[in-house]
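Please look over the sequence and the model below before reading on. The paragraphs that follow take the chains in turn and explain what can be read from the coordinates.

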Amino acid sequence: MNSYRPLYQKNNSLINRWSSPVKLLFVIIYVFVISSLHSFMMLSFSLGFTIFLFFLSKLKLTRLLRNISQILLFIVPFSILLLFTIQGNHYYSYRISFFTIKIYREGINLSLLILLRSMNIFLLLSILLTTTKPNAILHSFILFRIPYALALLFTLTYRYITRYFYEAQKLKTASVLRGYKLKFTNIGQNVKLYSNLFLRTYEDTNLSYKAMMLRGLTLKKPENISFKVCSKDVFLFIIGLSFCLFLLIFENRVMINKLWQQTILLLK
Amino acid sequence: MHISDGILPVYISIPGYIISGLISIFLTIKIKLERIPKIATVTSALFIASLFHLNIGPSSIHLVLGGIGALILGADVFLAFVIALFFQAVMFSEGGITALGINALAIGGGAMLIAILFKPLLLKIKNKILINLVYFLAGFLSIFFSAIFTSSMILLSDVSFSNIVKILFLSHLPLALIEGVITLFVINFIIKVKPKLIYE
């Protein structure tokens, strides 16, 4: 099972001090720019820039390596499959009794591209989440006109996830104290246990929600959301945006050149 | 079944976001305050279920609980999956942020379809064998529809992915069977202990 660790880390870095809505907007734009890149050179540049942002955030190297290993766990099997299944220019083959294993050049290119893009995007998102408080992200969403009920669901879900782990720990302790060891082979038994866990957590969360409602919680958007945005935040955003534009222009330089020449011909 | 970042081109991921966004906004406008803790609890359960992995060949699969979510929440299960997929993408890089719209349509859309088809039948069917079949099909078909949609989107992004799509689709059939069985057990248990959760 994947281990759950809280994400936000209090730090005195430039990225931590960057205003949350501006940071979130830059990350959203950058993520879509990365996903539109198709050349190794531009993806390597953008990965270099993302790693530079990582070190600007004063995050530990062990965290970088852990983040990269998490993404590799999911992307590597998919990338390996691509080597053998994308048809094209044959690169390498190996014969085993009746059949031949073939690796294609297009498969190698595509799997490397996907690997670079995924690592880049995931690293960028982990920078955002480690340097921004969850409340600040949600208030930024509200500022961007995301419906308040949806933002409330995000907050409560994040809060109730820890509730499940707490109830599961209580269940495990109670069963151990009664001399019962949980086995994963008996589906019926495990389903009853986990359904029980779900029902207990539901009762608990329902009570805490009723308490919130008694304290005046409604679906009306809160009025007191405010962010300080100074010239330094805007300056950082402009630098980031310029880098995104540079990536897009350089990626599409041939097409832009053609369009430019056609425009000049038309004007003549 | 999740599509990771870097696979889908922008001309597929942006329309996916727009359609998922419109469905989410429509469901959010209709939402009532009393339903919020139920949706949040089920969403957390969906997220936690995804932490349990099973390795099948070159890929790994995890429980989705789409059928269970559909029978408990109805059409609001789409919102639950949007949120659960978002947390999965940011915390464990399962799926991706650029593919969130398409993943939400695949998994949440499949579950929402099951809710629309099967939830009205829960009160109408009295035969025990038939109702158990409904529970099983809710779990099985939620994965089946999601696998079909995900495969189509990957194929739409690049036709050369056809072989990989076949492998991924076939690797989800055992998961669909497991989900059907688990949905059958879980819903039967919840109806015995707290039927209000399903029939409300």
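**Reading the predicted model**

Chain B of this predicted model has an average pLDDT of 84, and 93% of its residues score at least 70. For chain A the mean pLDDT is 77, with 80% of the residues reaching 70 or more. For the model as a whole, the scores are ipTM 0.84 and pTM 0.76. One stretch of chain A calls for caution, since over residues 1-5 the pLDDT stays under 50, although the model has 15 contacts beyond four places in sequence for them. Where pLDDT is low, predicted coordinates should not be read in detail.

With that caution in place, the overall build of chain A can be described. Chain A contains ten helices and two strands, and from the N terminus on its elements follow the order α-α-α-α-β-β-α-α-α-α-α-α. Of the 268 residues in chain A, 41% are buried. Among the contacts in chain A with a separation of 6 or more, 74% are between residues 24 or more positions apart.

Several aromatic side chains of chain A belong together. The search of the whole structure finds 20 aromatic pairs over all chains. One of these pairs is A:Trp18 with A:Phe26, whose ring centres are 5.6 Å apart and whose planes stand at 40°, so the pair counts as tilted, a class that lies between stacked, under 30 degrees, and edge-to-face, over 60. A:Trp18 and A:Phe26 are both buried. They also belong to one aromatic cluster, in which they are joined by A:Tyr30, A:Phe45, A:Phe49, A:Phe52, A:Phe243, A:Phe246 and A:Phe250.

Where in chain A is A:Ser35 found? A:Ser35 is part of helix H2 of chain A, which covers residues 20-35. Its relative accessibility is 2%, and because buried means under 20%, A:Ser35 counts as buried. Apart from neighbours within four places in sequence, A:Ser35 is in contact with A:Arg117 and A:Ile121 of chain A, and with B:Val10 and B:Thr98 of chain B.

Another buried residue of chain A is A:Tyr209, with a relative accessibility of 1%. A:Tyr209 lies in helix H8 of chain A, which covers residues 187-214. Between the C-alpha atoms of A:Tyr209 and A:Thr173, which are 36 residues apart along the chain, the separation is 26 Å.

Two loop residues of chain A deserve attention for their backbone. Most residues other than glycine have a negative phi. A:Lys58, however, has a positive phi, near 60°, and is placed in the loop between helix H3 (40-56) and helix H4 (61-85) of chain A. A:Arg145 likewise has a positive phi, near 70°, and is found in the loop between helix H6 (134-143) and helix H7 (148-177) of chain A. Are these side chains buried or exposed? The relative accessibility of A:Lys58 is 55% and that of A:Arg145 is 65%, and because exposed means over 50%, both residues count as exposed.

In chain B, a pair of packed helices can be examined in some detail. Two packed helices are described by the angle between their axes and the distance between the axes. Helix H5 (residues 100-118) and helix H7 (residues 128-157) of chain B pack at an angle of about 150°, and their axes are 8 Å apart. The crossing of H5(B) and H7(B) is right-handed. On the side of H5(B), the residues making the contact include B:Ile102, B:Leu105, B:Gly110 and B:Phe118, and on the side of H7(B) they include B:Val134, B:Leu141, B:Phe145 and B:Met153. Sorted by class, the contact of H5(B) with H7(B) has 14 nonpolar and four polar residues, and no charged ones.

Elsewhere in chain B, B:Leu65 lies in the loop between strand E2 (59-62) and helix H3 (66-73). What is the relative accessible area of B:Leu65? The value is 14%, so B:Leu65 is buried. When residues up to four places away in sequence are not counted, B:Leu65 touches B:Ala45, B:Leu46, B:Ala49, B:Phe81, B:Glu179 and B:Ile182. The C-alpha atoms of B:Leu65 and B:Leu197 are separated by 16 Å, and these two residues are 132 residues apart along the chain.

How values were computed. Residues numbered from 1 in each chain as written. Chains lettered and ligands numbered in written order. Heavy atoms only, no water. Helix = DSSP H or I, 4+ residues; strand = E, 2+ residues; numbered from the N terminus. Buried < 20%, exposed > 50% of the residue type's maximum accessible area, 1.4 Å probe, protein only. Contact = heavy atoms within 4.5 Å. pLDDT = per-residue confidence, 0-100. Axes fitted to C-alpha atoms, helices over the stretch in contact; angles between N-to-C directions. Left-handed = near helix turned anticlockwise from the far one by under 90°. Nonpolar A, V, L, I, M, F, W, Y, C, P; charged D, E, K, R; others polar. Phe/Tyr/Trp six-rings, centres within 6.5 Å; stacked < 30°, edge-to-face > 60°.
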